[in-house]
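Here is a quick tour of a single chain, with most of the time spent on one helix and its surroundings. Have the viewer open as you read.

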Amino acid sequence: MAFAYNQNRLGKKKDFDEIFGSGWYLNSQTLTLRFRKTENSFSRFSVIVSTKVSKRAVDRNRLRRQVREILRKSWDRVPLGFDFMVIIKPGKKIATSDALAKELWPMVDRMINFKKYSAPVSKK
RNA sequence: AAAGAAAACUGGAUGAUCGCUCCGACCUUGUGUCGGAGAGGAAAGUCCGAACAUUUAUCUCGCCAUAGUCCCGCCUUUUGCGGGACGAAGGCGGAUAUUUGGAGAAAUUCUUAUGCAAAUAAGGAGGACUUCAAAGGAUAGUUCCUAACGGGAACCCUUCCGGGCCGCGAGGUCUGGAUGAGGACAAGUGCAACAGAGAAUAUACUGCUCGAAGAUUUAUCUUCGGGGAAAGGUGAAAAUGUGGGUCCAUAACCCACACGCUUCGGUGGUGACAUCGAAGAAGAGGCAAACUCUAUCCAAUGCAAGGGCAAGCCCUCCGACUUUACGUCGGAGGAGUACGGUAGCCCGCAUGAUCCCGCGCGCGAGUGCGGGGCUAGAGAGAUGAUCGUCGCUUCGGUUUUAUAUCGGAGUACAGAAUUCGGCUUAUAGGUUUUCUUUUUAA
RNA sequence: GGGGCGUUAGCUCAGGGGUAGAGCAGUUGCCUUUUAAGCAAACGGUCGAAGGUUCGAUACCUUCACGCCCCA
């Protein structure tokens with residue numbers, strides 16, 4: 001499955017509300033991964049960087065582009081049928097591209113394990 | 001020459017691989033191929049101002065025009081048909097605008113009376129407009145520039161620092177630089193801790209001095225009653241100062257002058273203001289980023305403004321189901337009216353108070369004319385990631401008169417979100433200008 | 001995109017031009033067999049940063065930084 005930014009991007013406010021409302025999450029030192037299963041044959045994602053991470057828009061844009069590039073380069077590795085978002089945690093030093101990849105891939109790989117479970121109960 | 005500070009301008013180039021957004025072309029209509037374009041001087045802060053859009057209120061403004069009324073013509077049993085005038089509501093456009101209250105008030109219009117009519121008189125409606133008071137917010141030298149602004153230009157004045165000349169001196173004059181959120185404290189009210197004798201109706205602590213009395217050390221001290229603000233000290237600030245005369249007194253007082261003030265007049269300037277002369281008054285402190293007063297300005301909301309569209313709702317046909325009907329579900333087709341206006345899509349949205357060049361006008365900010373250019377458009381938000389090469393700065397090694405070469409480090413601030421004009425703040429390196437310090441040379 | 005508020009002792013807050021305060025915490029002492037409570041004393045501050053107005057600024061004005069809240 002080839003990568004196409006237009007298709008594999010979460011766009012609608014509804015999508016975000018659904019993930020926040022009924023989804024799983026995984027944590028690491030600097031990242032949080034929130035995701036949910038879908039009926040689609042492809043996966044979609046988005047990157048969230050708060051202003052609390054950095055005041056400067058340059059830093060935030062760079063982080064988002066780096067994460068997107070990491071996923072794009074090895075898109076075949078991403079399990080299908082998931083909507084997920086990568087949230088950069090505030091308070092940590094801005095990491096390099098390699099360090100981000102090292103943290104991100106284990107979490108993405110673990111998503112496949114949740115395929116057999118049903119969605120958790122919505123916590124409003 | 002070196003170092004530093006401030007201001008203005010500038011804001012590295014390029015290759016490979018993999019990608020993103022928009023536009024165009026092509027056909028094989030594919031999440032295709034090819035080509036083109038793709039952040040800034042501040043895109044930032046949101047401190048101001050505008051464009052644009054919608055909304056609120058008023059109008060005695062203009063246009064369109066429905067119901068209705070009136071008039072004319074035609075037909076006629078009536079309903080009616082055609083033309084014209086006035087046109088409630090309504091629509092489109094325009095003007096006005098801080099809020100509240102009061103006073104006056106033109107056009108227009110209604111009623112009554114007189115009159116054939118025109119008109120006149122009285123009473124009302126009406127409110128354009130004028131004006132007064134209160135309350136809120138904003139701005140503040142002058143003239144100009146700008147669509148506008150708390151922006152910009154030139155100038156004026158204040159304060160501070162320096163230099164030349166004149167004067168016994170206070171000071172004057174010429175000139176260079178910096179500086180100011182720069183109306184009014186001579187309308188009223190208010191404020192000034194501590195220190196100090198006294199702080200705004202000034203003040204007598206020390207010291208000075210006159211008179212009287214007393215004491216004794218006989219030229220000093222004490223007490224009482226005056227004079228007086230020149231000396232001391234305090235403070236941010238002590239009621240202008242200079243030279244002389246008089247005097248018991250360096251004071252008061254008198255004379256002359258300097259600075260400052262008020263009024264009138266002349267001259268120069270568009271003006272702020274400058275300058276000259278005359279007369280008068282008799283010395284007036286500071287703070288309005290204290291209340292306040294004066295003059296001028298002021299509707300609200302912001303592109304998430306605002307507008308449009310698909311699906312659905314409706315009708316017809318077909319099929320399935322059953323409770324056989326004006327039923328339910330599904331599919332296809334049609335109409336696109338009315339209402340509604342969203343988590344979707346489109347427009348708004350990139351030709352503009354635009355940029356560049358030339359000429360003219362202006363001290364300048366700017367402006368007029370002519371020619372040329374088109375230069376991002378996302379929407380959980382594109383303009384990137386990785387690896388190199390060359391510049392530039394700096395450090396170290398080798399070599400050298402210069403320099404060359406090798407290695408290391410650094411290469412800023414920062415990312416469009418409706419669009420513009422300013423202001424403010426951030427900024428590696430480079431260039432220019434001004435200033436300061438040091439050294440060298442003349 | 002638009003609007004509002006805050007920043008003062010370790011913590012929570014007063015003070016709105018005249019040299020900085022309260023409560024709690026912490027320190028020392030008294031009390032008590034000891035601790036707590038109570039009583040007393042002293043300590044602790046660039047008043048977020050810079051500039052301006054003023055004789056004088058924590059306060060008034062401007063710019064900046066940080067934090068919080070509201071509207072859509």
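## What the helix leans on

What do the buried residues of helix 2 pack against? They pack against strand 3 (44-49), strand 4 (82-88) and helix 3 (97-110). Keep in mind that this is a predicted model.

## The chain as a whole

Chain A has 3 helices and 4 strands. Reading from the N terminus, the order is α-β-β-β-α-β-α.

Chain A has 124 residues, and 19% of them count as buried. Take the contacts between residues at least 6 apart in sequence: 81% of these join residues at least 24 apart.

## Helix 2 and its two faces

Helix 2 covers residues 57-73, which makes 17 residues. From first C-alpha to last it reaches 24 Å, close to the 24 Å expected at 1.5 Å a residue.

Which residues of helix 2 are buried? They are Leu63, Gln66, Val67 and Leu71. These four sit on the same side of helix 2, because they cover an arc of only 130 degrees around the axis. The spacing fits a general rule: an α-helix has 3.6 residues a turn, so residues three or four places apart point the same way.

Now spin the view to the face turned away from that buried side. There you'll find the exposed residues Ala57, Val58, Asn61, Arg65, Glu69 and Lys73.

## Where helix 2 meets helix 3

How do the axes of helix 2 and helix 3 cross, and within what distance do they come? The axes come within 10 Å and cross at roughly 60 degrees. An angle from 65 to 115 degrees would count as roughly perpendicular and one under 35 degrees as roughly parallel, so this pair is oblique. As for handedness, the crossing of helix 2 and helix 3 is right-handed.

Helix 2 brings Gln66, Val67 and Ile70 to this contact, while helix 3 brings Ser97, Leu100, Ala101 and Leu104. Two of these names came up earlier: Gln66 and Val67 are among the buried residues of helix 2.

## A stop in the loop

Back up a little along the chain to Thr51, which is found in the loop between strand 3 and helix 2. Is Thr51 buried or exposed? Thr51 counts as exposed, because it has 10 C-beta neighbours inside 10 Å, and the cut-off for exposed is 12 or fewer.

For a distance to check in your viewer, try Thr51 and Phe16. These residues are 35 apart along the chain, and their C-alpha atoms are separated by 18 Å.

Note on methods
Residues numbered from 1 in each chain as written. Chains lettered and ligands numbered in written order. Predicted model: local features only at pLDDT ≥ 70, side-chain atom pairs only at ≥ 80, totals over all residues. Helix = DSSP H or I, 4+ residues; strand = E, 2+ residues; numbered from the N terminus. Expected span 1.5 Å × (residues − 1). Buried ≥ 20, exposed ≤ 12 C-beta atoms within 10 Å, placed from the backbone. Arc of directions from axis to C-beta. Contact = placed C-beta atoms within 7 Å. Axes fitted to C-alpha atoms, helices over the stretch in contact; angles between N-to-C directions. Parallel < 35°, antiparallel > 145°, perpendicular 65-115°, else oblique. Left-handed = near helix turned anticlockwise from the far one by under 90°.
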